[in-house]
Amino acid sequence: MLQENIIKPIYNDNFVVIAMSSSEEYLPYVCVYLQSIIDASSCNCKYDIVIFSNSNNENKKKIIKDTYSKNNISVRFFNPHSFFKGLNLEITHDYFNEACYYRIVAPLIFQSYEKVIFTDIDLIALTDLKELYEVNIYNSPLMACKEPIWEYFIDNNICFRDLSFRKYSKDILQLKDIKKYYNTGIILFNVKKFLEGNYFNKLLNLIEQNHFIYQEQCALNCLLNDKILPLNKEWNYEILDIIQYEDDIKPKILHFLGENKPWHYKNLDFAGIWWEYAQRTPFYNEINDRYLRFKEKEVQVITNKIKLYQFKIFKYNILSSISFGEKKKYYSKKLKINKKELEKLNLLKEQM
């Protein structure tokens, strides 16, 4: 491997290495996460922070480095695109991009380190990440939190593109326990163990041979599910309405996973905390302008959808009241489904 593809430590001792990936579009949101990391950091520890990005916006990157690099904090950028050049990387969701795949190459790039924390950027750190870095990883190649929503998908027979998550977990991911699936938004890598297993190349082969729902996250679960060591759930506290945590769980990292992000929806749970950090970043005006533009466009789209579902409810209400037998059951089911969708849309509109 070429030396320019390997990152060397900035510090000699008492340091934590934290990496994350971002497209150019998400760089302003990276700053919100960085601000939270720095606020939770300790002056007695050093923080080696590396942002994986293929962005060519040198001005934005310079602003980020100049703003957040301090005596005990280093912020650098690295472009891992060459590791994936020529590969057909499937993008399965509108809010995913090539940068999502960068996490699987992190141990190769950080081979001069023992461990590395790799995370998404739709996060708020409420605890010093040194505490996560010092978790005993034993001989596992990585640690991650179990995905609570996966069990919901299985139990409720949820489908993605006509394929049930139950069947997908069993036949495609080949999970021994179909409810044991890990979210890789926060990972602690054991660099030596990951490299010993040649897992990067094995993951690339899997990704090219399969159509995974959640891209590299599914690939990691497919290849390494039995080798992943579970992190305590407070390290990946997911913000979703359908996830209910025990009252005694105190989040250490907030994770705004899924399609609805706090930079679009200010009334999401914990979004107020996210915006408090956003106001202290160098890109706050850009973040707020984006929010206002999104809100104007989205409110109109949601309003049109609400009108459509109101009409459908009116139609199925009439049809179910004048029908009998199987037809009545069919129209009643349609009525129930459309009422649920209308409730979701009204809630979404309130969250704008």
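Student: Why does E286 count as partly exposed?

Tutor: This is a predicted model, and in it E286 has a relative accessibility of 25%. Buried means under 20% and exposed means over 50%, so E286, at 25%, falls in between and is called partly exposed.

Student: And what makes R290 buried or exposed?

Tutor: R290 comes in at 17% relative accessibility. The limit for buried is under 20%, so R290 counts as buried.

Student: How do you know that E286 forms a salt bridge with R290?

Tutor: The closest N and O atoms of E286 and R290 are 2.8 Å apart. A salt bridge needs a Lys or Arg side-chain nitrogen within 4 Å of a carboxyl oxygen of Asp or Glu, so 2.8 Å qualifies. As background, side chains of opposite charge can pair when their charged atoms come close.

Student: How far apart are E286 and R290 in helix α11?

Tutor: They sit 4 residues apart, so about one helical turn separates them. There's a third partner too: K60, E286 and R290 are linked in a network of salt bridges.

Student: What makes K62 and D66 a salt bridge?

Tutor: Their closest N and O atoms are 2.6 Å apart, and the cut-off is 4 Å, so the pair passes. Both residues lie in helix α2 (residues 58–68), again about one turn apart. K62 has a relative accessible area of 48%; exposed would take over 50%, so K62 is partly exposed.

Student: Why is the contact of K130 with E134 called a salt bridge?

Tutor: Here the N to O distance is 3.9 Å. The rule says within 4 Å, so K130 and E134 still count. E134 has 54% relative accessible area, and over 50% means exposed, so that's its label. K130 has 22%, which isn't under 20%, so K130 is partly exposed. The structure holds 20 salt bridges.

Student: Why is the pair F189 and F194 called edge-to-face?

Tutor: The ring centres are 5.2 Å apart and the planes meet at 80°. Centres must lie within 6.5 Å, and planes over 60 degrees apart count as edge-to-face, so both tests are met. Both F189 and F194 are buried.

Student: What makes F194 and Y199 an aromatic pair, and of which kind?

Tutor: Their rings are 5.5 Å centre to centre, with 75° between the planes. That's within 6.5 Å and over 60 degrees, so this pair is edge-to-face. Y199 is buried, like F194. The structure has 30 aromatic pairs, and one aromatic cluster has W263, W274 and Y291 among its members.

Student: How many residues does the largest nonpolar core have?

Tutor: It has 107, and M20, F52 and W274 are among those with the most contacts inside it. Helix α1 (residues 27–40) gives the most, with 9 residues. Apart from this core lies another, of 13 residues, including Y265 and L348.

Student: Which residues form a nonpolar patch on the surface?

Tutor: F311, F314, I318 and I322 do, with about 440 Å² of accessible area together. F311 lies in helix α11 (residues 284–322).

Key: Residues are numbered from 1 along each chain as its sequence is written. This is a predicted model: local features need pLDDT of at least 70, side-chain atom pairs count only at pLDDT 80 or more; totals for chains, interfaces and linings use all residues. Side-chain values use heavy atoms; hydrogens and water are left out. A nonpolar core is a set of buried Ala, Val, Leu, Ile, Met, Phe, Trp, Tyr and Cys residues joined through side-chain atoms within 4.5 Å. Buried means under 20% relative accessible area, exposed over 50%, partly exposed in between (1.4 Å probe, protein chains only). Helices (H or I, at least four residues) and strands (E, at least two) are DSSP runs, numbered from the N terminus. Patches are made of residues with over 30% relative accessible area and no salt bridge: like charges are joined within 9 Å, nonpolar side chains (Val, Leu, Ile, Met, Phe, Trp, Tyr) within 5 Å. Accessible areas come from the Shrake-Rupley method with a 1.4 Å probe; for residues, only the protein chains shown count as cover. Rings of Phe, Tyr and Trp (its six-membered ring) pair if their centres lie within 6.5 Å; planes under 30 degrees apart count as stacked, over 60 as edge-to-face and the rest as tilted.
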